[in-house]
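Thanks, everyone. Let me put the model up, and then we'll walk through it.

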Amino acid sequence: MIGYRGWLRVAVGVCLGLTLGHPVLAAADPVAPVVAAASAADTKARPPRISTADFSVRPLFSRPVLSPDGQHLAGRYMVNGAETLVITGLFEKGSSKVLGLPKKTDLVRYFWAGSKTLIFCIGETIPWYNDDAFATRLMAYDLDTKTMHRLDNHIAGPKGDDVLWVDPEGKTLLMAFQETVYDTPSVWSMDIAKNHSIHVLNSMPDIWDWYADGSGVTRYGFGYTDAHNWQMVYRSNATDRFKVVFRGNDDKEDGNAVDGVLRLTQGSDKGFMLARASENPYWAVYEYDFAKHVRGKLVYAAPGSDVDEATVNDNGQSLVSAQFTDDRTRVHWFDDKLAKVQSDLDTAVGADHQAWVISHSKDYSSLMVSLGSSFDPGAYYLYQQDQGVMHRIATVNEHLSPGNLAHSKYVQYKARDGRPLSGYLTLPPGRAAKGLPLIIHPHGGPFGVRDEGDFDEEVQFFANRGYAVLQPEFRGSGSFGKEFEDSAKGQWGRGMQDDLDDGMDWLAAQGTVDAKRVCVIGSSYGGYAALWAATRNPERYRCAASFAGISDVPKWLKYSGRFEGTRHRENWRAQLQGDKTFDLKTVSPLYAIDRLKVPVLIAHGDADTRVPFRQSKLYADALTAAGKPHEFYAIADEGHGFTKAANEQLWLDKLDAFLAKYNPAE
């Protein structure tokens with residue numbers, strides 16, 4: 001049970017009792033606030049060896065999303081040992097529904113259309129130009145009729161979840177999708193219940209991203225005409241024709257492109273956007289005149305960090321919040337009442353913990369709050385503002401005691417080219433910070449993504465086994481500004497790898513780690529980085545391990561199909577490859593088997609739709625043919641992450657034995 005000292009001066013009264021297969025509302029005694037007597041960083045004795053089973057416990061409940069009326073909660077639940085999507089009535093017993101997902105799909109995201117319909121996005125692999133591609137599609141579940149169906153009505157392209165607007169009553173939504181594989185997206189009005197779409201806007205050449213205002217009128221479009229040139233189209237209302245309001249080039253007019261649209265103000269040419277300016281190289285919130293293509297005054301900028309996202313009210317007239325990350329994720333609320341709630345939360349949990357409002361009812365009267373820290377898996381609470389009471393919904397992992405876990409520290413070092421870099425360093429409790437074995441643990445993504453210093457069970461597993469863990473925020477990681485982002489162009493497998501090696505050298509120079517006892521372990525892009533690190537510089541690493549990693553970079557680039565550009569508007573291929581003449585096979589582990597001289601561990605879910613299973617299977621087959629030492633594990637019916645506790649335990653068990661054999665901590 002998890003509690004917090006001084007918790008908003010309110011009682012923790014009722015919690016949602018969750019049982020496998022049938023979540024119900026149940027009464028519970030108030031939980032007394034508890035804080036560990038000593039932090040993990042202060043523990044003198046080594047903590048007990050924690051089992052891989054305890055680290056692998058999947059949250060019984062996670063990623064909750066409140067319905068607009070605050071009456072229902074959608075979230076990921078563990079049901080019979082597998083993760084699925086469940087809708088629960090917060091104030092009605094026996095009102096839960098487990099939503100079965102199609103086989104060979106990943107659950108990507110979910111949101112409410114009104115208070116009676118849940119829309120969720122699934123990812124799957126589809127045939128694409130004599131090959132495969134990752135595709136997204138939408139499903140809808142109606143609470144009243146208790147029926148579920150796919151909203152796919154003649155979507156031909158891979159991108160099938162581009163929702164521009166949702167009717168507040170939940171009857172219709174606007175979608176942009178390709179009607180044929182040869183077209184750019186057009187816009188359709190979808191009758192959710194009938195799964196019937198009406199064409200409302202023709203596609204336009206080179207326009208891939210459409211935006212609507214709060215009334216459901218599509219008014220702005222953006223797209224690249226080639227790798228670096230782009231254009232913007234706009235209209236003031238539904239009866240006007242679209243006009244090109246600006247054309248530009250990344251290299252010459254980076255600050256003039258507007259694809260970070262937050263909301264167009266209903267009935268006005270004004271709105272808000274995320275942009276960078278010559279005087280501010282970080283993404284920030286600005287006012288914007290779409291008809292005149294004029295950026296207005298700066299509304300909010302985070303000190304020394306990109307604004308990652310911001311929210312606007314339904315009519316687009318005022319901002320609600322802005323989120324950014326420095327050493328940890330933070331939220332700025334524009335509403336004084338919500339700002340006070342956040343301040344009270346931050347004060348109550350203390351500097352070592354973090355509190356996020358992760359979901360809310362439409363009127364913000366009900367808030368879903370997540371609490372945790374790098375050494376505390378945390379818990380979810382429902383805060384009803386009119387009652388002034390927090391209801392604990394669920395803990396994330398009751399098997400892990402914060403007092404036995406390690407604190408992660410935000411650190412900074414320099415790359416070989418002098419570039420400032422940062423990361424998170426986790427040292428094993430109860431051991432002197434000298435000559436430690438090291439695990440370098442790069443994140444996935446890789447562009448626009450970063451670690452945030454929150455709880456990570458793999459990091460804690462490594463620390464518990466006696467390893468120092470470095471999570472480097474290599475060039476291209478999110479939130480560090482334009483120059484840092486640009487420094488990653490064409491550096492996949494090159495400068496991005498240097499940043500990992502330089503982090504190891506920095507720790508070794510301080511004497512914190514033993515440079516002769518280092519392994520690199522990661523998932524997705526992090527899995528690629530691990531395999532490539534061991535291949536490119538086998539003299540540096542004793543071993544490497546990859547879960548769902550990439551071995552054939554050009555093949556995966558084709559599969560990913562992200563040719564509209566990344567979140568920060570850079571063309572995906574140009575960002576990854578750099579010079580068009582550069583051969584991506586030269587930074588692909590699959591094509592450099594002969595250079596590998598250290599053992600590798602590879603695991604991959606055979607139902608993965610993000611990074612195809614064959615990325616690992618073909619690599620493992622090539623290692624076998626070449627007689628290279630390796631272990632390969634195909635994980636049945638698993639996707640791009642662990643949805644089953646048994647599968648993560650298998651991964652950790654294999655890592656445990658692999659590290660003990662090739663890079664023992666003792």
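Which residues have the most contacts inside the largest nonpolar core? They are L438, W492, Y528 and L576, in a core of 49 residues. Keep in mind that this is a predicted model. Helix α7, residues 525–536, gives this core its largest share, eight residues.

Take Y528 in detail. Leaving out residues up to four places away in sequence, Y528 touches W492, G493 and Q497. Its list also includes S546, G549, I550 and V553, along with V587 and P589. There is another core too, lying apart from the 49-residue one. That other core has 28 residues, including F375, F547, A548 and I635. As background, nonpolar side chains in soluble globular proteins tend to be buried together.

Now the cysteines. How many disulfides does a search of the whole structure find? One. The partners are C519 and C543, with sulfur atoms 1.8 Å apart. C519 belongs to strand β32, residues 513–523. C543 belongs to strand β33, residues 543–547. The two cysteines are 24 residues apart, so the pair links distant parts of the chain. The handedness follows from the torsion: about 90 degrees around the S-S bond, so this disulfide is right-handed.

Are these two cysteines buried or exposed? The cut-off for buried is under 20% relative accessible area. C519 has 0%, so it is buried. C543 has 1%, so it counts as buried as well. Elsewhere, C121 is also buried, with 0%.

Next, helix α4, residues 457–464. This helix is mostly covered, with seven of its eight residues buried. Those buried residues are E458, V459, Q460, F461, F462, A463 and N464. Look at both ends. At the start of α4, a side-chain oxygen of D456 comes within 2.9 Å of the backbone nitrogen of E458. Just after α4, G466 has a positive phi of about 105 degrees.

Finally, the whole chain. The protein chain holds eleven helices and 35 strands. Its C-alpha trace spans about 70 × 65 × 50 Å along the principal axes. Why call the overall fold compact? With 666 residues, a compact globule would have a radius of gyration near 26 Å, and the chain has 25 Å, so the two agree. Of the 666 residues, 56% count as buried. Take contacts between residues at least 6 apart in sequence: 57% of them join residues at least 24 apart. The accessible surface comes to about 26,700 Å², and carbon and sulfur atoms account for 50% of that surface.

Key:
Residues numbered from 1 in each chain as written. Predicted model: local features only at pLDDT ≥ 70, side-chain atom pairs only at ≥ 80, totals over all residues. Heavy atoms only, no water. Buried < 20%, exposed > 50% of the residue type's maximum accessible area, 1.4 Å probe, protein only. Helix = DSSP H or I, 4+ residues; strand = E, 2+ residues; numbered from the N terminus. Polar contact = N/O pair within 3.5 Å; in protein donor to acceptor, adjacent residues only side chain to side chain. Core = buried A, V, L, I, M, F, W, Y, C linked by side-chain atoms within 4.5 Å. Contact = heavy atoms within 4.5 Å. Disulfide = S-S within 2.5 Å. Rg over C-alpha atoms; globule rule 2.2 N^0.38 Å. Areas by Shrake-Rupley, 256 points an atom, 1.4 Å probe, with all protein chains shown as cover.
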